[in-house]
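Me: Please take a close look at one helix here and at the empty space around it. I'd like it in one connected go.

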Amino acid sequence: MVAFGKRLKERQIQEWQEYYINYKLMKKKVKQYAHQIEVGTLERRQVLKDFSRMLDNQIEKIVLFLLDQQGLQASKLTKLREQHDALEAHPQISKITELREAYRGVGHDLLKLLYFVEMNAIGLRKILKKFDKRFRYRFTDYYVKTRANHPYSQLQQVFKHVGLGAVVGAVSRNLHELQDRQGSYLSIYDSPSLPLQDPVVDSIKAAVDRLTHSTNFLNFMAQHALIMQEELPAPVEERIDEEKYHFMSLLLNLANTFLYMVNTYIIVPTADNYSMSLGAAATVCGIVIGAMAVAQVFSSVYFSAWSNRSYFRPLIFSSIVLFVGNAMYAMAYDLNSLTVLLLGRLFCGFGSARAVNRRYISDCVPLKIRMQASAGFVSASALGMACGPALAGILQTDFKIYKLTFNAVTLPGWVMAVAWLVYLVWLWFSFKEPSRDFEENNSSHASEKAEKSELEKGLKQPLLITSEEKKEDDEDPEADGSEEAPEESRRPATSMVSAYRLLTPSVKVQLLIYFMLKYAMEILLSESSVVTTYYFGWSTGTVAIFLACLGLTVLPVNIVVGSYISNMFEDRQILLASEIVVFVGILLSFHVIVPYSVPQYVCSGLIMFVSAEVLEGVNLSLLSRVMSSRLSRGTYNGGLLSTEAGTIARVIADATITIAGFFGQSQLLNITLLPSLVICVVSIVATCCTYNSLF
């Protein structure tokens, strides 16, 4: 992995090179201090004083240059304001166009300045982290606390870009006024949510959002989708993005996501009854439900590879396979064949195109709306999860057409078969395959637009990551004198093994947590029908209502966490707290001595499910930040790894339900909850060991 110091040097704006943080010098000083302390020629207190002074000098250099540049931009805006006032008295279309382009020029200069601030803030954060790690001392806490709130603080200029807001506001407001508002007298202050419809303003807003790292519901939901982006990507031009983007195709991708989640959960309330009607035990429902996940383990890989060449053909194939799978699932009743039932569910799993859905959003949706599209992906999944069981509760009828039976256990299959057939027709006529000529021609554009590309590529990732850091410092090639070639460091993983080798210990912990929460949720959902029927005598409709209510909590919980809780606590703190609450929920679910009651089951299930949802969102948010940038593209990407971890967890959970069924339904609940409890404890211990300074 290429060291940050080398990347900083490569991506500096050349004319400003002398004003960047001297990361290489400070890194050498840290090594020098370590050696001097080891041989006893320097005291620790002197090191802290000397390093603090050096940091102060570096920050002062950055801030004074920043203020100078802000003054230059302010002078330009003052002159443009005078021209603007003159045009209001004597408007001329050509002059208005020239003025608008002049404001856009200031906007591009402002983007350069924001990128300058970002790179320096990253450098400061990394050198502080390196110092803490080398000397086992929480110097960062001391330095930030003593400098951040001081009345003469210069650190605020870097980390909160004080003063830049006024320049941003001036550019945005004037560009807004120069647009053709078709008779509207509203200003940006009258309606802050009014779209500004200018690419420069969109880029500035995105850069400012990244600098402040303002966590909101949309951002939280987008990270929940784990649609990976490169750490410092070289973006395709916005013009190319617009040409590739097709709204109806995006809508079809989200519809595919929704229907697949409905397909996954629509059979859960009736799977036990279907198994018994074919002469099997009720607990065989675990295998019936899990067969789809088994196939998805393999389908995720080939769909991910297929999406390198096409999006349309994988979605067509997915729809056909899902239509066939659901038809087989429904016909198994009249054929009286458990084999056909399981094959039908396997076919449904082989049609899982979620890897294609994620990849389409990552590759073909313009950056300015990618967050909304990612949040739409998560929302479609949550809605499908709630609608599946609810739909099963409605389909309570029994009739025959010729030799085909339509009842509570077969109707989910028939309804989904019709749904996929309708979707297939819609897909055939409405989907637009994105052109892939742009990827081939992009190298020529990159050479012509090198400066602009360098400017924008640092503005797409969070700046002030308070919870986690990328782990390049832990594997710093400069530490042992070797450096990996830049081409090698950017090359995507070529196999699952090479992808696994790119995982750092913290990423492995995040994947373990993801495995745990998916296992616990699958146990709760898949065995709900069997457990509630045995203990409480619930009907299919009651089970469906319970599962639908659980599914409906997903979006409200994410709104609360994304808009409020994540702004008050660090992600790592929410992560550990959520794990502990999941543990409590699992513990309360056990049937020990007292008679098992509906309030105990419902409350413990709700605690477990809601906390697991919170945990999933925060975990994927952290995972998207700590995963190697080499896993942001290619077949074996971060999204695939997380999908495989969750799918394998579901497979094992469903197999556990079926195996536990051999011990009788009276033992089913406790036997299936025990592995969940053990895995949860292991994940909590792993979290505490990995993040040893959570509070």
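Reply: A helix here is a DSSP run of H or I with at least four residues, numbered from the N terminus, and its expected span is 1.5 Å times one less than its number of residues. This is a predicted model, where local features need pLDDT of at least 70 and side-chain atom pairs count only at pLDDT 80 or more, while totals for chains, interfaces and linings use all residues. Numbering runs from 1 along each chain as its sequence is written, and side-chain values use heavy atoms, with hydrogens and water left out.

So, on to helix α11, residues 247-265. From first C-alpha to last, its 19 residues reach 28 Å, close to the expected 27 Å. Of those 19, 15 are buried (under 20% relative accessible area, 1.4 Å probe, protein chains only), so α11 is largely enclosed by the rest of the structure.

Helix α11 also helps line a cavity, meaning a set of points on a 1 Å grid over the protein atoms alone where a 1.4 Å probe fits but cannot get out. The whole structure has four cavities of 30 Å³ or more, and the largest holds about 470 Å³, the space filled by probe spheres set on the points. It has 27 lining residues, each with an atom within 4 Å of a point. Closest to the centre are Met261, Arg354, Tyr514, Lys518 and Glu616. Besides α11, the elements giving two or more residues to this lining are α16 (354-364), α17 (367-394), α23 (505-526), α28 (598-626) and α29 (638-660).

Chemically, that lining splits into 13 nonpolar, seven polar and seven charged residues. Nonpolar covers Ala, Val, Leu, Ile, Met, Phe, Trp, Tyr, Cys and Pro, charged covers Asp, Glu, Lys and Arg, and the others, Gly among them, count as polar.

Definitions and conventions: Buried < 20%, exposed > 50% of the residue type's maximum accessible area, 1.4 Å probe, protein only. 1 Å grid on protein atoms, 1.4 Å probe; cavity = no way out; pocket = protein on both sides within 12 Å on 5 of 7 lines; lining within 4 Å.
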